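Me: Could you take a close look at the metal site for me, and then at whatever surrounds it? I'd like one connected walk-through.

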Amino acid sequence: MPETSGGHSPSTALDSPFGKARSMVFPRTILAGHGVLAELGRSCRSFDFPERGAVITGPKTVGIAGTRAAEILGESKFDVATVISREATPAEVDRVEGEVKAAGARFLVAVGGGSKIDITKVTAHRLRIPFVSVPTSAAHDGISSPRASLHDPGSVTSLPADVPVGVLADTAVIVQAPYRLLASGCADVISNVTAVLDWKLATRLKSEEYSSTAATLAEYAAQEILDHASLIKPNLMSGVAMSVAGSSRPCSGSEHLFSHALDRAAAHPSLHGEQCGVGAIMMMYLHGGDWKRLRSALHTIGAPVTARELGVTDEEVIEALVQAHRVRGERYTILGDNGLTREAAGKLAAVTGVVG
Ligand SMILES: [Zn+2]
């Protein structure tokens with residue numbers, strides 16, 4: 001089985017026992033609002049991008065905003081190729097990298113959901129060229145985070161990637177995404193609450209470096225959703241929290257480990273954010289926090305709260321709970337060093353109503 005998450009991660013400031021200097025990389029421009037896509041050409045000019053670039057988009061998102069993005073760049077005298085990408089797999093990243101090189105592109109514009117943005121991030125990182133992110137949905141919080149997830153059959157690899165120099169979140173585009181993607185994005189950001197609890201725990205038990213700024217941003221983003229605000233801002237805030245921390249720590253704890261483990265354990269895994277939401281309910285129970293409030297918020301949004309709603313079996317949930325602590329060994333969470341016994345996992349899933 002291929003390596004999972006932690007295996008490929010470089011040591012960041014948070015992981016390093018020697019506390020090497022942390023470099024914070026932020027997007028230079030974040031535009032969020034109705035019609036901001038029209039600013040794409042001007043933004044790219046302001047970044048002094050060279051003439052040749054490429055728009056990386058998907059088979060569906062090309063029609064939603066990809067073609068329009070290429071036209072807007074053309075109006076600003078850029079010469080851009082359009083590359084249609086599919087699933088975020090290592091093989092697909094290699095293929096996209098080849099097309100980008102063949103086109104002679106010196107900057108990239110990602111137009112799509114999480115997987116298109118992940119492919120672009122990794123390609124930009126490998127080719128050492130800048131990129132701008134134009135999300136077409138708010139399905140997960142990776143829009144401006146410094147990592148990307150690639151999927152192989154049965155495993156997920158989290159890779160270092162570049163942060164976009166600009167993010168243009170056009171709400172007129174994002175509202176066209178299916179509601180399920182929006183709800184999944186909400187669940188992903190809500191799961192910051194358990195991620196931050198795990199981080200605090202690791203700080204106390206393992207003296208892991210902590211950033212109260214990053215933690216506050218991540219918690220605030222989750223709170224915005226719990227208070228029923230819109231998703232665009234919280235989603236971007238999660239990305240900024242990860243940039244401040246220099247890692248995904250403030251937005252990725254035991255609930256994300258559960259989600260990654262479920263990607264491997266389940267025959268038909270569900271959406272990332274949906275799985276993280278269900279994970280957050282159970283991890284909040286372990287933390288002794290208000291898991292019922294979390295569950296009802298997810299339910300109100302229309303995100304899954306049970307194995308059945310996720311479309312996975314009870315046994316797959318329990319297996320994922322038992323395996324979760326192994327997914328990324330260096331990330332200390334409420335699951336501890338040894339994880340849950342099968343019996344404890346079954347009880348946890350049952351008492352929180354996730355199974356049964
Ligand atoms: Zn996530």
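Reply: Here's the metal site, then the cysteines, then the sheet. First, the small print: this is a predicted model, where local features need pLDDT of at least 70, side-chain atom pairs count only at pLDDT 80 or more, and totals for chains, interfaces and linings use all residues. Residues are numbered from 1 along each chain as its sequence is written, and side-chain values use heavy atoms, with hydrogens and water left out.

The zinc ion is held by Asp-188, which gives OD twice, plus NE2 of His-256 and NE2 of His-272, at 2.1 to 2.6 Å. Donors here are N, O and S atoms within 2.8 Å of the metal (3.2 Å for Na, K and Ca), and water is not among the atoms, so sites may look incomplete. The angles between the four donor atoms run from 52 to 143 degrees, so the arrangement is irregular. For that label, tetrahedral would need all four-donor angles between 85 and 135 degrees; square planar (four) or octahedral (six) would need opposite donors over 155 degrees apart and all others between 65 and 115; anything else is irregular.

Along the chain, the donors are spaced D-x67-H-x15-H. Asp-188 sits in helix H6 (residues 179–190) and His-256 in helix H10 (residues 254–265), 68 residues apart, so to speak linking distant parts of the chain. Helices (H or I, at least four residues) and strands (E, at least two) are DSSP runs, numbered from the N terminus. Both Asp-188 and His-256 are buried, meaning under 20% relative accessible area, with exposed over 50% and partly exposed in between (1.4 Å probe, protein chains only).

On to the cysteines: there are zero disulfides, a disulfide being a pair of cysteine sulfur atoms within 2.5 Å. Cys-186 is in none, and its nearest cysteine sulfur, in Cys-276, is 13 Å away. Cys-186 counts as buried because its relative accessibility is 9%. Cys-276 is buried too, at 0%, and its sulfur is 11 Å from the closest one, in Cys-251, which is too far for a bond.

As for the sheet, six strands make an open, parallel one in the order E1-E8-E5-E4-E2-E3, where pairing takes at least two DSSP bridges between two strands. Strand E1 (29–33) and strand E3 (79–84) are the edges, each pairing on one side only. Within the sheet, five bridges join strand E4 (residues 108–112) to strand E5 (residues 131–135), with Gly-112 partnered by Pro-135 in E5.
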